Amino acid sequence: MIYKPGQIVEGKITGIQPYGAFVALEHHVSGLIHISEISDGFVKDISKFVNVGDSVKLKVLECDEKHSHVKLSLKALQKTHTRNRCKPVGHKPSLPLMDIGFQSIAEHMNEWIKEAKENILK
């Protein structure tokens with residue numbers, strides 16, 4: 001196969017289905033951008049991200065040599081993509097110590113109800 005996983009390629013969107021977008025690459029190779037590889041955010045409508053005829057840069061995820069087909073990702077090249085983002089070494093955020101839970105809510109409930117009633121009467 002001409003393409004390798006991790007390679008950046010350019011292709012043309014040839015079709016859109018509810019589950020993904022079909023892409024034509026060079027050398028008569030076809031590919032699919034699955035809906036889960038369109039964006040990190042929720043994707044309800046793929047056509048909000050790509051349209052038939054668009055030329056797009058994509059990252060190759062997998063190659064099927066037998067069928068000349070590749071799995072592609074659009075979100076892997078987006079700046080907001082978090083899958084491969086580095087995390088600071090040795091830094092662990094700490095949460096303040098809190099007494100939380102249903103018991104602490106119950107302790108404050110009467111006070112909150114009283115405040116709410118007072119605010120309504122104002």
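Is methionine 109 buried, partly exposed or exposed, and what is its relative accessible area? Methionine 109 is partly exposed, with a relative accessible area of 35%. This value, like the others in this report, comes from a predicted model.

**A nonpolar patch**

Methionine 109 belongs to helix 1. Together with Ile105, Trp112 and Ile113, Met109 makes a nonpolar surface patch of about 350 Å². A residue needs over 30% relative accessible area to be part of a patch, and methionine 109 has 35%.

**Salt bridges**

Side chains of opposite charge can pair when their charged atoms come close. The structure holds two salt bridges. They are listed here with the distance between nitrogen and oxygen.

| Lysine | Acidic partner | N to O distance |
|---|---|---|
| Lysine 75 | Aspartate 40 | 3.9 Å |
| Lysine 71 | Glutamate 62 | 3.6 Å |

In one of these salt bridges, the side chains of aspartate 40 and lysine 75 meet. Aspartate 40 lies in the loop between strand 3 (29-34) and strand 4 (55-64), and lysine 75 lies in the loop between strand 5 (69-73) and helix 1 (102-121), so the pair ties together parts that are 35 residues apart in sequence. Aspartate 40 is partly exposed, at a relative accessible area of 37%, whereas lysine 75 counts as buried at 11% relative accessibility.

The other salt bridge joins lysine 71 and glutamate 62. Lysine 71 is partly exposed, with a relative accessible area of 44%. Glutamate 62 is also partly exposed, with a relative accessible area of 43%.

**Serine 73 and its surroundings**

Serine 73 lies in strand 5. Its relative accessibility is 0%, and it counts as buried. The cut-off for a buried residue is under 20% relative accessible area, so the value of 0% for serine 73 falls within that class.

Which residues does serine 73 touch, leaving aside its neighbours within four places in sequence? Serine 73 is in contact with Ile33, Glu37, Leu58, Lys59 and Leu61. For lysine 59, the C-alpha atom is 5.1 Å from that of serine 73, while the two residues are 14 apart in sequence. With glutamate 37, the contact includes a polar one between the two side chains, at 2.6 Å.

The side chain of serine 73 also reaches the backbone nitrogen of lysine 75, at 3.5 Å. Lysine 75, in the loop between strand 5 and helix 1, has a further polar partner in serine 36. The backbone oxygen of serine 36 lies 2.9 Å from a polar atom of the lysine 75 side chain. The side chain of lysine 75 thus appears both in this contact with serine 36 and in the salt bridge with aspartate 40.

**Two histidines with positive phi**

Most residues other than glycine have a negative phi, and most peptide bonds are trans. Where in the chain does histidine 27 lie? Histidine 27 is placed in the loop between strand 2 (20-25) and strand 3. Its phi is near 65 degrees, a positive value in a residue other than glycine.

Histidine 28 is likewise in the loop between strand 2 and strand 3. The phi of histidine 28 is near 60 degrees, again positive in a residue that is not glycine. At 82% relative accessibility, histidine 28 counts as exposed.

Definitions and conventions: Residues numbered from 1 in each chain as written. Predicted model: local features only at pLDDT ≥ 70, side-chain atom pairs only at ≥ 80, totals over all residues. Heavy atoms only, no water. Salt bridge = Lys/Arg side-chain N within 4 Å of Asp/Glu carboxyl O. Helix = DSSP H or I, 4+ residues; strand = E, 2+ residues; numbered from the N terminus. Buried < 20%, exposed > 50% of the residue type's maximum accessible area, 1.4 Å probe, protein only. Patch = residues over 30% accessible without salt bridge, like charges linked within 9 Å, V, L, I, M, F, W, Y side chains within 5 Å. Areas by Shrake-Rupley, 256 points an atom, 1.4 Å probe, with all protein chains shown as cover. Contact = heavy atoms within 4.5 Å. Polar contact = N/O pair within 3.5 Å; in protein donor to acceptor, adjacent residues only side chain to side chain.
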